[in-house]
Amino acid sequence: MINKFKTIIGLNPNDNISELVENGLDEVYCGYYDAEFNKKWPVAFTTVNRRGEGVNFSSFNLLKTAARKLYKHGIKSYITLNGYYTQEQYPWLVKNIKKIADEDSIDGVIVNDIGVLLLLKQLKFKKNITISTLATPLNNNAVEFYQKFGATRIVLDRQLNPNEITKMVNKYPKLEFEIFVVSTGGCLFIDGYCSFFHCLEKTKNKQSGKHIMQIEKYDITTSGAGCCELLNNFSQKLYTSTDNTKHDKFDLAKTMGFNCNICMLYRLKGIKNISLKVDSRGSNGTGVTNISMLKTLLKAVDDSKSNKEYIASAKKLLKRFKKVKCNPKICLCGNL
Amino acid sequence: MKYAFLTDNIGVLNKIQKPDILYFGNEFCQNIIPAKQHINKAFQWALKNNIQFVFVLPYITNDKVKTADSLLHILNNKKRNIEIVFNDWGTLSLILKYKNLQPVLGRLLTKQRKDPIAENIIQNTQNKIKIAVIDGKKTIIKAKKVPLTLKTYFQKSFLDVGHVIDFMTENNIKRYELDLLPWGIKIKTDKKIKLSIYYPYVNITTTRYCGAVNLKYTKICSKICKSQIIEAGTNKLKYPYIIKGNAVFYKTSKDILDKTVNAGNIDRIVINDLQTLNKLVTG
């Protein structure tokens with residue numbers, strides 16, 4: 001039996017929509033900003049959601065054009081409004097929620113700020129509301145808390161294990177859940193509890209002579225993210241420890257591979273209210289590569305007669321598509 | 001201004017200068033939620049010393065909901081108004097079941113922008129120019145100025161939006177727990193909601209991959225938090241990253257504290273370091 005997981009990917013402004021459509025995905029999620037917003041709160045500082053320049057659409061109209069193309073092929077679009085918004089940002093937020101509400105090609109929003117959830121209620125927002133992983137729904141009480149705000153779907157945290165996931169989704173069969181898969185450039189920390197600085201800017205070449213180039217950047221001091229700064233200090237051995245026992249040698253390459261969740265797909269295959277979400281925005285590869293990898297993995301799920309058989313296939317596929325090895329030492333699953 | 005001391009270690013209580021309030025528990029790890037006999041002891045110690053008792057809960061998964069609930073039940077039976085700091089929204093409903101318990105929004109839910117490497121960038125104080133080699137070409141990298149509105153954004157949170165304050169008060173939440181920021185805090189709550197400031201350790205993030213972040217690579221909890229502290233970026237970063245257990249912190253200064261506490265509705269300093277407590281309370 002072919003399993004019926006819904007597949008969702010992050011849409012980048014540069015993605016080739018025809019190629020995505022050919023790969024048979026069900027939904028996309030994406031974000032946008034505009035000049036008014038960017039002037040006050042540069043999107044590079046992840047002020048509109050957890051993504052920066054280049055990954056978010058630079059206007060609502062550009063996003064709308066992409067969403068309409070997808071809509072013609074029956075592919076739904078969700079908009080990430082999953083930042084935390086201050087009082088000063090509310091006029092922009094209200095205006096833009098109304099735009100989203102009025103656009104037929106957009107199916108819903110992804111949110112985590114309680115203030116935005118309350119605002120959606122005030123504005124009588126009729127479309128779907130997905131609770132972002134940034135809202136850290138880690139237990140059943142949290143699921144029920146978000147249901148009171150009209151949540152139709154919950155994105156589970158990347159650090160929940162298969163047992164925790166299955167128990168939660170089985171408890172609420174009428175509610176939809178999403179889990180992240182394939183994102184092998186994943187993060188070491190819990191998304192919703194992390195306040196590491198990120199400056200995700202797209203550097204623009206200002207002048208480029210024969211021997212010299214000149215560019216402008218917001219951040220010319222750091223690695224662009226606090227977590228990278230921390231990991232760089234580890235890899236350069238710029239750390240001290242109060243424990244004198246031997247530490248394992250830190251290897252940055254080995255830490256890539258958190259949260260890919262690939263090894264749990266066979267165990268989840270019978271569950272109807274789970275969708276698989278591929279975080280293909282930014283450093284995690286293109287949507288086409290990731291969706292094609294996911295489809296191949298799902299075929300392996302269908303073709304396998306046991307979890308063991310699936311794991312053997314998935315190991316090979318991970319090597320083929322991502323050229324990374326599963327590292328059981330640093331993953332809560334680590335079964336590949 | 002009241003001084004609180006945060007600890008999950010019953011053993012330190014006889015070594016401390018008496019604070020006004022005892023915060024007992026852990027914010028980050030459900031594996032080290034204190035046992036009920038320790039909670040009872042800490043509560044009795046606070047009672048004996050005429051110190052307010054506050055219980056602190058970490059974020060919890062379904063496996064620990066029953067444990068947390070049973071502890072709340074015990075505390076409710078003390079027949080005193082006890083503040084409970086919660087760090088995931090699911091825990092709020094557990095607390096609201098008990099009439100003697102008062103929910104306090106923990107610092108993992110108050111959503112400040114906290115990473116200190118942002119300091120120079122958002123204040124436009126980083127070097128104006130840097131020269132590097134990119135793609136084999138000598139490159140002059142100029143710093144783009146950030147607008148003042150961005151700094152304000154980093155000083156604020158969603159907490160003081162009008163309808164958010166209404167929601168909090170409707171749910172009996174009358175206190176927000178905040179971290180101290182090098183660039184200042186501009187959270188303006190009305191009189192209904194009071195603010196606590198944590199000092200000197202600011203939390204940046206947390207993980208369930210405790211073994212990885214501690215470079216031990218163990219998958220099962222081996223209580224690394226009790227034996228090891230890692231400091232990364234010493235002599236390189238203005239605020240080195242400090243890893244204790246499954247959380248990452250940095251240390252702020254008394255200067256920053258002094259500048260911050262005079263503003264707004266801050267009426268409590270939560271000290272999360274034994275030496276700092278003894279120095280501050282005696283000083």
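**Chain A, overall**

I began with the contacts inside chain A and found that, among those between residues at least 6 apart in sequence, 66% join residues at least 24 apart. I note here that this is a predicted model, and I read everything below with that in mind. Chain A has 336 residues, of which 49% count as buried, and I looked up its secondary structure as 12 helices and 11 strands.

I then checked how chain A is divided, and the domain assignment gives domain 1 as 6-186 + 256-322 and domain 2 as 205-253. The C-alpha centres of these two domains of chain A lie 29 Å apart.

**The barrel of chain A**

Following the strands of chain A, I traced a closed barrel of 8 strands in the order 1-2-3-4-5-6-7-11, with parallel pairing. The twist from one strand to the next averages 30°. I took one pair as an example: strand 4 (residues 106-111) and strand 5 (residues 128-131) of chain A run parallel and are joined by 4 bridges. Within this part of the barrel I found A:Val109 standing opposite A:Ile129 of strand 5 of chain A.

**Domains of chain B**

For chain B I recorded a division into domain 1 (1-112 + 157-200 + 252-283), domain 2 (113-154) and domain 3 (205-250). The centres of domain 1 and domain 3 of chain B, taken over C-alpha atoms, are separated by 22 Å. The contact between them takes 4 residues from domain 1 of chain B and 6 residues from domain 3 of chain B. On the side of domain 1 of chain B that touches domain 3 of chain B, I counted 3 nonpolar residues, 1 polar and no charged.

**Where the chains meet**

I next turned to the interface, where 69 residues of chain B are in contact with 67 residues of chain A. Strand 7 (residues 137-143) of chain B gives the most to the side of chain B that touches chain A, namely 7 residues. By class, that side of chain B divides into 33 nonpolar, 20 polar and 16 charged residues.

**First helix pair across the interface**

I looked at helix 6 of chain A against helix 3 of chain B, whose axes come within 6 Å and cross at roughly 95°. These two helices are therefore roughly perpendicular to each other, because angles of 65 to 115 degrees count as such. From helix 6 of chain A the contact draws on A:Asn140, A:Asn141, A:Ala142, A:Glu144 and A:Phe145, while helix 3 of chain B brings B:Trp89, B:Gly90, B:Thr91, B:Leu92, B:Ser93 and B:Leu94. I sorted this contact by class and obtained 5 nonpolar, 5 polar and 1 charged residues.

I also asked which residues of helix 3 (residues 89-96) of chain B are buried, and found B:Trp89, B:Gly90, B:Thr91, B:Leu94 and B:Ile95. The buried residues of this helix pack against helix 6 (140-147) of chain A, and within chain B against helix 2 (65-76), strand 4 (82-86) and strand 5 (101-105).

**Second helix pair across the interface**

Helix 5 (residues 114-122) of chain A packs with helix 6 (residues 162-170) of chain B at an angle of about 100°, the axes being 9 Å apart. That makes helix 5 of chain A roughly perpendicular to helix 6 of chain B. I listed A:Ile114, A:Gly115 and A:Leu118 on the chain A helix, meeting B:His163, B:Val164 and B:Phe167 on the chain B helix. The class count for this contact is 4 nonpolar, 2 polar and no charged residues.

**A sheet built from both chains**

Last, I followed an open sheet of 5 strands, in the order 10(A)-11(B)-12(B)-13(B)-10(B), with antiparallel pairing. Its edge strands, each pairing on one side only, are strand 10 of chain A and strand 10 (201-206) of chain B. Neighbouring strands of the sheet are turned against each other by 25° on average, direction ignored. Helix 8 (residues 226-235) of chain A packs on this sheet, and its direction makes about 100° with that of strand 11 of chain B.

The crossing from one chain to the other is made by strand 10 (residues 239-241) of chain A and strand 11 (residues 229-232) of chain B, which pair in the antiparallel sense over 3 bridges. Here I found B:Glu231 as the bridge partner of A:Thr240. On the chain B side, strand 11 is joined by 4 bridges to strand 12 (residues 241-244), again antiparallel, and B:Glu231 has B:Ile242 as its bridge partner in strand 12 of chain B.

Note on methods: Residues are numbered from 1 along each chain as its sequence is written. Chains are lettered from A and ligands numbered from 1 in the order in which they are written. This is a predicted model: local features need pLDDT of at least 70, side-chain atom pairs count only at pLDDT 80 or more; totals for chains, interfaces and linings use all residues. Axes are lines fitted to C-alpha atoms, for helices over the stretch in contact, and angles run from 0 to 180 degrees between N-to-C directions. Angles under 35 degrees count as roughly parallel, over 145 as roughly antiparallel, 65 to 115 as roughly perpendicular and the rest as oblique. Two residues are in contact if their C-beta atoms, placed from the backbone, lie within 7 Å. Ala, Val, Leu, Ile, Met, Phe, Trp, Tyr, Cys and Pro count as nonpolar, Asp, Glu, Lys and Arg as charged, and the others, Gly among them, as polar. Two strands pair if DSSP finds at least two bridges between them. Domain bounds come from an automatic or database domain assignment. A residue is buried if 20 or more other C-beta atoms lie within 10 Å of its own, exposed if 12 or fewer, and partly exposed in between; C-beta atoms are placed from the backbone.
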